[in-house]
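Me: I would like to work through this protein step by step, going from the whole chain to one pair of helices. Could you answer my questions as we go?

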Amino acid sequence: MARITDRTVLIVGASSGIGAEVARRLAHGANRFVITARRASELAAVAQEIRAAGSACLDIPADARNTQAAADVVAAAVTEYGSVDIALLNAGQGPPMSLDRVSVADVARIMALNYDVVVNYLIPLIEQMRRQPDGGLIAHTNSLAGLMGIPRQGPYSAAKAAARTLIDAARVELAPQGIRFTSIHPGFVATERISGDGLPKPFQISQERAARYVVHALEKEPAQAYFPWPTAALVHTLRALPTPLSSLVLRKLAAR
Ligand SMILES: NC(=O)c1ccc[n+]([C@@H]2O[C@H](COP(=O)([O-])OP(=O)(O)OC[C@H]3O[C@@H](n4cnc5c(N)ncnc54)[C@H](OP(=O)(O)O)[C@@H]3O)[C@@H](O)[C@H]2O)c1
């Protein structure tokens, strides 16, 4: 049975993968959705599924890297439904990148795709939720890769780590105003976008299973959520090791 019901839910990055799957799962709860991503036709197809499952849905194609476009999406949600109760900031992308083969522009592009997209929604959402009597929940799809520098994912790891740190500060500062923050850290998830990237993917889980974990995090609102447990345990263990030792293990894992 759906636990999240009769809420206004904004999902940024809902045209495919984990975001689309979370929207499908929450659609049975008679919620009110605003979904956004860049690909209009994929987004419209997800909106159709949401409406067919019994929830209202506004789909707005927009690039989350654009500050004004993001502010306009938040404003449109408030105009349509009066509030944003839950926001899932899920837009992001981590193509493999070896640091001896990237340009400065490549790294900046990954920062925009994984960090700027968070900031552009975070600030207008805080502004809006501060005015709401019940505050609101802002959740971010981070990554276990955001907990340490993963080889061939360095710029992505760095961008996700920056987003986690920013959200950690926001959680402390804005608790008195009723705004809650959840950072969600998946391991490898078998979504279409990453299927051919050539990276090793130990303990990979399905998109459906990942969406179940994300919905659970939206229901329980932990400060940090990590899944699946084998990858989370591996990353936490590596973080606890002395750096020369964890570097050795990571080098071996990356060479597989
Ligand atoms: N798959 C994994 O193994 C994995 C593991 C850990 C964390 N994650 C994180 O999970 C999140 C979802 O990824 P996914 O694997 O489900 O891949 P995905 O299918 O590519 O989902 C990414 C979503 O974000 C949207 N998006 C990307 N850039 C955007 C932008 N500039 N503006 C607006 N929307 C944008 C995409 O839609 P458009 O292209 O239509 O804009 C899509 O809806 C990402 O933040 C990713 O970093 C994934």
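Reply: The questions and answers below concern a predicted model.

Me: How many helices and strands are there in the protein chain?

Reply: In this predicted model, the protein chain contains both kinds of element, and the count comes to eight helices and seven strands.

Me: Why is the protein chain said to be as compact as a globular protein of that length?

Reply: For 256 residues the globule rule gives 18 Å, and a value close to this would mark the chain as being as compact as a globular protein of that length. The chain does come close to it, so the comparison holds, with a radius of gyration of 18 Å.

Me: What share of the residues of the protein chain counts as buried?

Reply: A residue counts as buried when its relative accessible area is under 20%. Applied to the 256 residues of the chain, this cut-off gives a buried share of 49%.

Me: At roughly what angle do the axes of helix α1 and helix α6 cross, and is the crossing left-handed or right-handed?

Reply: Helix α1 covers residues 17-26 and helix α6 covers residues 207-220, and their axes come within 8 Å of each other. The axes cross at roughly 65°, and the crossing of α1 and α6 is right-handed.

Me: Which residues make this contact, and how do they divide into nonpolar, polar and charged?

Reply: From α1 the contact includes I18, V22 and L26, while α6 contributes residues including A210, V214 and L218. Taken together, the residues of the contact of α1 with α6 divide into eight nonpolar, two polar and five charged.

Methods: Residues numbered from 1 in each chain as written. Predicted model: local features only at pLDDT ≥ 70, side-chain atom pairs only at ≥ 80, totals over all residues. Heavy atoms only, no water. Axes fitted to C-alpha atoms, helices over the stretch in contact; angles between N-to-C directions. Helix = DSSP H or I, 4+ residues; strand = E, 2+ residues; numbered from the N terminus. Left-handed = near helix turned anticlockwise from the far one by under 90°. Contact = heavy atoms within 4.5 Å. Nonpolar A, V, L, I, M, F, W, Y, C, P; charged D, E, K, R; others polar. Rg over C-alpha atoms; globule rule 2.2 N^0.38 Å. Buried < 20%, exposed > 50% of the residue type's maximum accessible area, 1.4 Å probe, protein only.
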